[in-house]
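Reader: I have a structure to look at and would like to talk it through. Could you guide me?
Author: Certainly; please have it in view while we speak.
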Amino acid sequence: MERLRLESIFEEENSDILQENANVDGRSPMGQMAKLASESSKWYMKHHILSDEARHMVDENLLYIHDADFLAVGTTTCCQIPLGQLLQSGFNTGHGYMRSPQDIKSAMALSSIILQSNQNMQHGGQAYPMFDYDLAPYIVRTFERNLTRIQSYPTTFTKEQCEEQAWIETERDTYQACEAFVHNANSMHSRGGGQVPFISVNYGTDTSREGRMLTRNLLLATQSGLGHGETPIFPIQVFKVKEGVNLNEGDPNYDLYQLALETTSERLFPNFSFLDAPFNAQYWDGRPESEVAYMGCRTRVMGNIHGEETSIGRGNLSFSTINLVRLALLSTSMDDFWRRLDELVQVGVRQLHDRYLLQCQKKAANFRFLYEQGVWRGGEELNREDTLESILKQGTLSLGFIGMAEALVALRGRHHGECEESRKIGLEIAERMRRAMDEAITTYQLNYSLLATPAEGLSGKFVGADRERFGRLPGITDREYYTNSFHVPVYYKLKAVDKIRIEAPFHNLCNAGHITYVECDGTLRHNVAAIDALVRTMFREGIGYGSINHPVDRCKNCGHSGVIHEACPSCGTDQEIHIERIRRITGYLVGELSRWNSGKRAEERDRVKHS
């Protein structure tokens with residue numbers, strides 16, 4: 001099997017192997033080289049590192065180890081980077097010291113460099129948890145420099161007039177800095193040139209003049225798009241919604257919330273996180289450091305038994321996923337299912353612990369930017385030859401699941417979107433897994449958590465192997481993908497509000513990360529009120545993190561934007577190569593559907609559009 005996969009890479013026979021990650025151009029030279037290294041590393045991991053019980057569960061298609069190609073080298077998944085700290089103190093990328101910036105343009109440029117540097121330290125994404133707060137001081141510095149320059153001119157301006165002009169110029173500088181940041185996010189490459197960094201930024205709650213200026217101009221730059229009007233794929237943007245700050249008329253940042261809705265209607269970003277959801281609100285103490293931040297795909301890191309409960313300077317260490325569908329198909333009764341689930345969860349817990357122990361054996365010198373520069377909390381206190389157990393314990397270990405909908409069909413005949421009894425069993429499955437994660441915290445003294453898995457390549461892998469063994473079963477293995485985590489199947493027709501209501505309770509249980517999507521019927525480019533209604537429904541129902549999907553098409557031939565079916569209504573071109581179709585996949589955007597694997601392309605075709 002391993003030989004066949006390697007041959008498929010060389011010969012470009014299997015696009016699903018080459019395009020497991022839509023953010024990587026698998027046909028490029030660096031993409032192919034990375035894939036060859038990836039497959040070789042997976043083979044080594046499986047045959048020389050995995051425990052016998054974990055290997056058995058992997059072979060049985062019951063357990064999937066994410067980013068297994070990075071397991072042997074001991075990388076961690078992701079990190080919420082303390083941008084403010086790095087900019088204030090300066091940092092070293094390995095080729096020279098970057099001093100603290102003196103204006104917003106330099107600060108935003110260094111923000112890009114930090115993301116690119118750290119992308120090579122980890123196998124997942126990078127995020128800024130409080131982008132507006134962290135960059136606000138450099139807008140102040142820009143204002144002060146502009147004011148000093150203006151006051152040096154031989155004018156008759158009053159002090160107030162000088163300040164007004166300085167703010168006007170600072171607004172312009174901030175927009176240009178944000179525009180450059182967005183362009184950098186979509187053009188700079190890392191990991192040997194194989195992909196652009198997977199970037200997320202959280203913002204929306206800084207009510208200072210300078211913080212508001214940052215948020216406003218980032219949204220405006222996103223609306224403007226790239227050089228030919230393309231929708232920016234990165235950064236994934238997360239607007240933090242909080243009552244009393246930005247949600248309602250009269251809130252100090254209500255205008256920014258309205259601008260966020262408008263930007264989403266045009267560019268699909270930002271997504272929305274909800275700081276008032278009970279499981280997020282419990283951490284808020286009035287400081288920006290206590291606000292929950294998300295990685296763009298859905299990852300959430302907050303609980304911490306080894307230090308401060310915050311996102312900043314922390315991340316997920318690794319995660320693995322349970323195939324609920326195979327588990328259900330193997331079970332002879334509900335009692336048998338519960339027994340199998342408990343056993344498999346414990347195997348997953350132990351596998352994550354084994355991986356953690358391997359990560360702890362690595363030294364700070366192996367990941368110099370991540371640890372020596374203090375990107376990871378406490379890393380700056382280590383010597384280069386120190387091992388990492390003293391700081392990695394602040395990260396999280398997450399077990400996730402996929403295919404709850406199909407598993408419920410196998411167990412009960414109907415999924416949780418169409419049956420109240422199935423819904424109760426689905427919640428019981430999630431509650432049972434969450435309880436096991438909470439117990440693992442006590443047993444191993446580590447931050448275990450439950451994840452609503454963001455499956456991309458995995459979605460089609462699991463179902464393919466299960467179909468080979470069990471055949472094509474209606475509602476279970478008859479599609480090219482399994483439904484992500486706890487989501488109601490994308491093909492099932494129901495009202496948007498009902499989808500939100502059904503999925504909301506799972507957000508509370510999946511403390512390692514969660515997301516709810518609403519797929520809308522037609523463009524929302526001129527329907528901000530509809531997006532507002534959906535976001536407020538998510539807020540009321542207790543969603544932690546959500547996004548609104550709708551078609552964003554652009555003709556690359558003439559620049560026309562809107563829903564394009566077969567031919568561009570402006571220039572008439574009907575060649576698909578000339579049509580850019582922006583769609584969301586596992587939390588981020590992709591402009592070329594050919595970069596998706598076959599399972600995700602099938603899922604996109606099946607998605608029901610909610611009115």
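Author: Let us begin with a term: two strands pair if DSSP finds at least two bridges between them. Please also note that this is a predicted model.

Reader: Okay, so which residue in β5 is the bridge partner of Gln80?
Author: Gln80 has Ala127 as its bridge partner in β5. Strand β2 and strand β5 (residues 126–128) are joined by 2 bridges and run parallel.

Reader: And what is the order of the strands in that open sheet?
Author: The order is β2-β5-β6-β7-β8-β13-β12, which makes 7 strands with mixed pairing. At the edges stand β2 (79–80) and β12 (516–519); each has a single partner strand, so one side of each has no neighbour in the sheet.

Reader: Which strands does helix α7 lie across?
Author: Helix α7 (residues 131–151) lies across β5 and β6 (199–203), and its direction is at about 80° to β6.

Reader: Let's switch to the sheet with β1. How many strands form it?
Author: That open sheet is formed by 4 strands, ordered β1-β9-β10-β11, and its pairing is mixed. Its edges are β1 (63–65) and β11 (447–452); since each has a single partner strand, one side of each is left without a neighbour in the sheet. On average, neighbouring strands here are turned by 25° against each other, direction ignored.

Reader: Do β1 and β9 run parallel or antiparallel?
Author: They run antiparallel, with 3 bridges joining β1 to β9 (residues 316–323). In one of these strands, β9, Ile322 is the bridge partner of Leu63.

Reader: What packs on this sheet?
Author: Helix α17 (residues 420–444) does, touching β9, β10 (396–402) and β11, and its direction makes about 160° with that of β11.

Reader: New topic: how do α17 and α19 cross?
Author: The axes of α17 and helix α19 (residues 496–509) come within 10 Å and cross at roughly 10°. Angles under 35 degrees count as roughly parallel, and α17 and α19 are therefore roughly parallel to each other.

Reader: Which residues meet there?
Author: From α17, the residues include Arg423, Leu427 and Arg434, while those from α19 include Arg501, Phe506 and Leu509. The residues of this contact divide into 6 nonpolar, 2 polar and 4 charged.

Reader: Lastly, how many helices and strands does the chain have?
Author: The chain has 21 helices and 17 strands. Of its 611 residues, 60% are buried. Its accessible surface comes to about 23,300 Å², and 48% of that belongs to carbon and sulfur atoms.

Terms used: Residues numbered from 1 in each chain as written. Predicted model: local features only at pLDDT ≥ 70, side-chain atom pairs only at ≥ 80, totals over all residues. Heavy atoms only, no water. Axes fitted to C-alpha atoms, helices over the stretch in contact; angles between N-to-C directions. Contact = heavy atoms within 4.5 Å. Parallel < 35°, antiparallel > 145°, perpendicular 65-115°, else oblique. Nonpolar A, V, L, I, M, F, W, Y, C, P; charged D, E, K, R; others polar. Buried < 20%, exposed > 50% of the residue type's maximum accessible area, 1.4 Å probe, protein only. Areas by Shrake-Rupley, 256 points an atom, 1.4 Å probe, with all protein chains shown as cover.
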